[in-house]
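Subject: Structure handover

Hello,

Here is the structure we spoke about, with the sequence alongside. My notes on what was found follow below.

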Amino acid sequence: MTKELPCVEIYTDGGCVPNPGNGAWVAILVYKGHEKILMGTETQTTNNRMELKSAVEALKALKKPCYVKLYTDSEYLKRGMTEWLPNWLKKDWKGSKGGSIKNV
């Protein structure tokens with residue numbers, strides 16, 4: 001009999017003003033009614049980098065294997081995970097035109 005993995009919901013956001021400029025990110029992890037809030041700031045960054053940072057830091061905070069439901073309002077983050085990542089992996093982290101990708 002296999003044990004089902006726990007499911008953690010992660011809510012992310014990030015941004016900066018102006019863009020580029022000083023930025024902030026936040027991630028809320030929810031598991032069985034418990035919440036953990038992570039947040040941080042960076043100087044001289046971009047909106048996209050802060051959106052990515054929120055997801056990366058949330059995933060790094062997980063202590064055991066689990067299923068993750070990640071919620072984001074960032075099209076950049078969403079498309080990066082669901083559309084672009086498989087191609088980057090196939091092309092050894094190169095973009096569609098063979099050049100380096102941003103925010104590896």
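Read from the N terminus, the elements of the protein chain come in the pattern β-β-β-α-β-α. That makes two helices and four strands. Please keep in mind that this is a predicted model.

Overall figures

The C-alpha trace spans about 45 × 35 × 20 Å along its principal axes. The chain has 104 residues, and 26% of them are buried. The exposed area of the protein chain is about 7,600 Å², of which carbon and sulfur atoms supply 55%. Among the contacts with a separation of 6 or more, 47% are between residues 24 or more positions apart.

The sheet

The four strands form an open sheet in the order S3-S2-S1-S4, with mixed pairing. Its edges are strand S3 (34-45) and strand S4 (67-71), each of which pairs on one side only. From one strand to the next the twist averages 20 degrees. As a general reminder, the strands of a sheet pair through backbone hydrogen bonds, parallel or antiparallel.

Strand S1 (residues 7-17) pairs with strand S2 (residues 21-31) in the antiparallel sense, over nine bridges. Two positions help to fix the register: Tyr11 stands opposite Ile28 in S2, and Asp13 stands opposite Val26 in S2. S2 goes on to pair with S3, also in the antiparallel sense, and here there are ten bridges. In this second pairing Leu29 stands opposite Lys36 in S3, while Gly23 stands opposite Glu42 in S3.

Helix H1 (residues 47-61) packs on the sheet and touches S1, S2, S3 and S4. The direction of H1 makes about 150 degrees with that of S1.

The two hairpins

S1 and S2 form a hairpin with three residues between them. What is the geometry of the peptide bond from Val17 to Pro18? That bond is cis, with omega near -10 degrees, and Pro18 is placed in the loop between S1 and S2. Pro20 is also in the loop between S1 and S2, and the peptide bond leading to Pro20 from Asn19 is cis too, with omega near 0 degrees. For context, most peptide bonds are trans, and most residues other than glycine have a negative phi. I would look at this loop when you open the model.

The hairpin of S2 and S3 has two residues between the strands. Within that hairpin, Lys32 takes a positive phi near 50 degrees.

Helix H2 and the segment after it

Glu75 lies in helix H2. How exposed is Glu75? Its relative accessible area is 47%, and because partly exposed covers the range between 20% and 50%, Glu75 is put in that class. The C-alpha atom of Glu75 is separated by 9.6 Å from that of Glu51, and the two residues are 24 apart along the chain.

Two residues in the segment after H2 have unusual backbone angles in the sense of the general remark above. Asp92, in that segment, has a positive phi of about 55 degrees although it is not a glycine. Trp93 is found there as well, and its phi is near 65 degrees, again a positive value in a residue other than glycine. How do they stand in accessibility? Asp92 has a relative accessible area of 59%, so it is exposed, the cut-off being over 50%. Trp93, at 34% relative accessibility, counts as partly exposed.

Trp93 also takes part in a nonpolar surface patch of about 320 Å², together with Leu89 and Val104. Val104 is in the segment after helix H2 (75-90). At 72% relative accessibility Val104 lies over the 50% limit and therefore counts as exposed.

To sum up, the places I would ask you to look at are the loop between S1 and S2 with Pro18 and Pro20, the positive phi values at Asp92 and Trp93, and the patch made by Leu89, Trp93 and Val104.

Regards

Key. Residues are numbered from 1 along each chain as its sequence is written. This is a predicted model: local features need pLDDT of at least 70, side-chain atom pairs count only at pLDDT 80 or more; totals for chains, interfaces and linings use all residues. Side-chain values use heavy atoms; hydrogens and water are left out. Two strands pair if DSSP finds at least two bridges between them. Axes are lines fitted to C-alpha atoms, for helices over the stretch in contact, and angles run from 0 to 180 degrees between N-to-C directions. Contact means heavy atoms within 4.5 Å. Patches are made of residues with over 30% relative accessible area and no salt bridge: like charges are joined within 9 Å, nonpolar side chains (Val, Leu, Ile, Met, Phe, Trp, Tyr) within 5 Å. Accessible areas come from the Shrake-Rupley method with a 1.4 Å probe; for residues, only the protein chains shown count as cover. A salt bridge is a side-chain nitrogen of Lys or Arg within 4 Å of a carboxyl oxygen of Asp or Glu. Buried means under 20% relative accessible area, exposed over 50%, partly exposed in between (1.4 Å probe, protein chains only).
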